[in-house]
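These are my notebook entries on a structure that I looked up residue by residue. The sequence and the model come first.

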Amino acid sequence: KLWTGESGKAAEFGHVIVNPDGAQCGCGKRGCLEAYSSGSAMLRMAKDALDSGQASSLQILYKKNPETLTPETIYDEAKKGDALSLEIFRVVARHLAIGISNVNNLLDIHTFIIGGGVGKSAHIFKAGLMEEIKKRVFSVSKDKIRVIISKLGNDAGIFGAGYLAKNGLARLTEAESCRAKL
């Protein structure tokens, strides 16, 4: 059964705080996982580094046309060994590990599914992610943690919304059915 919590906002994993004084998140808070381990976070980190003059193969693309800088170009350059791009993925992995470790330590959950664009590039940072997780979880969990890449990718939200709509309608139908029997 899907756990939605009392107000329907349970499992907002992207808004677990991983750095209390950290980067501004789109939700208005500071230090959310989303502010460090998402495509938009990767772009922010790359632009900040490039604007400060950090050397990178991304600099050529960025100077030519800032619009060409995307999470995909950061991924492509990381595959080629660009130090800045690899550092961005290290930061993504570190913060994602903090979030996963906190959830594991709190709820004893051992399987995590990563989706979206970051999930597609997980092979670049998964080893570092697992190393960081193992530093932070209780020893009993170290060999149990599994990080799986979502097969639904960016469509996971659409499927989840469909699931909720279907089940919400099913509950409504059951409630109407009960009233009809009374």
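I began with a definition: a polar contact is a pair of N or O atoms within 3.5 Å; within protein, one must be able to donate a hydrogen and the other to accept it, and residues adjacent in sequence count only if both atoms are side-chain atoms. I noted that the model is predicted, that local features need pLDDT of at least 70, that side-chain atom pairs count only at pLDDT 80 or more, and that totals for chains, interfaces and linings use all residues. I also noted that residues are numbered from 1 along each chain as its sequence is written, and that side-chain values use heavy atoms, with hydrogens and water left out.

**Entry 1: S121**

I looked up the polar contact of S121 and found that its side chain reaches the backbone oxygen of V118 at 2.9 Å. S121 is found in the loop between helix 5 (116-120) and helix 6. Helices (H or I, at least four residues) and strands (E, at least two) are DSSP runs, numbered from the N terminus. At 4% relative accessibility, S121 counts as buried; buried means under 20% relative accessible area, exposed over 50%, and partly exposed in between, with a 1.4 Å probe and protein chains only. I then listed the contacts of S121, a contact being heavy atoms within 4.5 Å. Leaving aside neighbours within four places in sequence, S121 is in contact with Y75 and F89.

**Entry 2: the chain as a whole**

I recorded seven helices and two strands, in the order α-α-α-α-β-α-α-β-α from the N terminus on. The C-alpha atoms fill a box of roughly 75 × 40 × 30 Å along the principal axes. Of the 182 residues in the chain, 36% are buried. Among contacts with a separation of 6 or more, 55% are between residues 24 or more positions apart.

**Entry 3: the nonpolar core**

Which residues touch the most other members of the largest nonpolar core? I took a nonpolar core to be a set of buried Ala, Val, Leu, Ile, Met, Phe, Trp, Tyr and Cys residues joined through side-chain atoms within 4.5 Å. The largest one has 42 residues, and L69, I74, F125, L129, I133 and V147 touch the most other members. Two or more residues come from each of helix 1 (39-51), helix 2 (58-64), helix 3 (71-79), helix 4 (83-107), strand 1 (111-114) and helix 6 (122-136). Helix 4 gives the most, with 11 residues.

I followed F125 further: apart from neighbours within four places in sequence, F125 is in contact with F89, V92, A93, L96 and V118. In helix 3, I found T73, I74, Y75, E77 and A78 buried. These buried residues pack against helix 1, helix 2, helix 4 and helix 6. Helix 3 is followed by G81, whose phi is positive, near 100°.

**Entry 4: the two strands**

Strand 1 and strand 2 (residues 146-149) pair in the parallel sense over four bridges; two strands pair if DSSP finds at least two bridges between them. T111 stands opposite R146 in strand 2. I noted F112 and I114 on the covered face of strand 1, and T111 and I113 on the uncovered one. In a regular strand the side chains alternate between the two faces of the sheet.

**Entry 5: the loop before strand 1**

Both D108 and H110 lie in the loop between helix 4 and strand 1. D108 is exposed, with a relative accessible area of 51%, whereas H110 is buried, at 18%. D108 has a positive phi of about 60° although it is not a glycine. Most residues other than glycine have a negative phi.

What does the side chain of H110 make a polar contact with? I found the side chain of S141 at 3.1 Å. A polar atom of the H110 side chain also lies 3.4 Å from the backbone oxygen of D108. Not counting residues up to four places away in sequence, H110 touches N104, S141, K144, I145 and R146.

**Entry 6: cysteines**

How many disulfides does the structure hold? I found zero, a disulfide being a pair of cysteine sulfur atoms within 2.5 Å. C25 is in no disulfide, and the nearest cysteine sulfur, that of C27, is 3.8 Å away. The sulfur of C32 is also in no bond with the closest cysteine sulfur, in C27, because the distance of 3.8 Å is too far. C25 is buried, with a relative accessible area of 7%, and C32 counts as buried at 1%.
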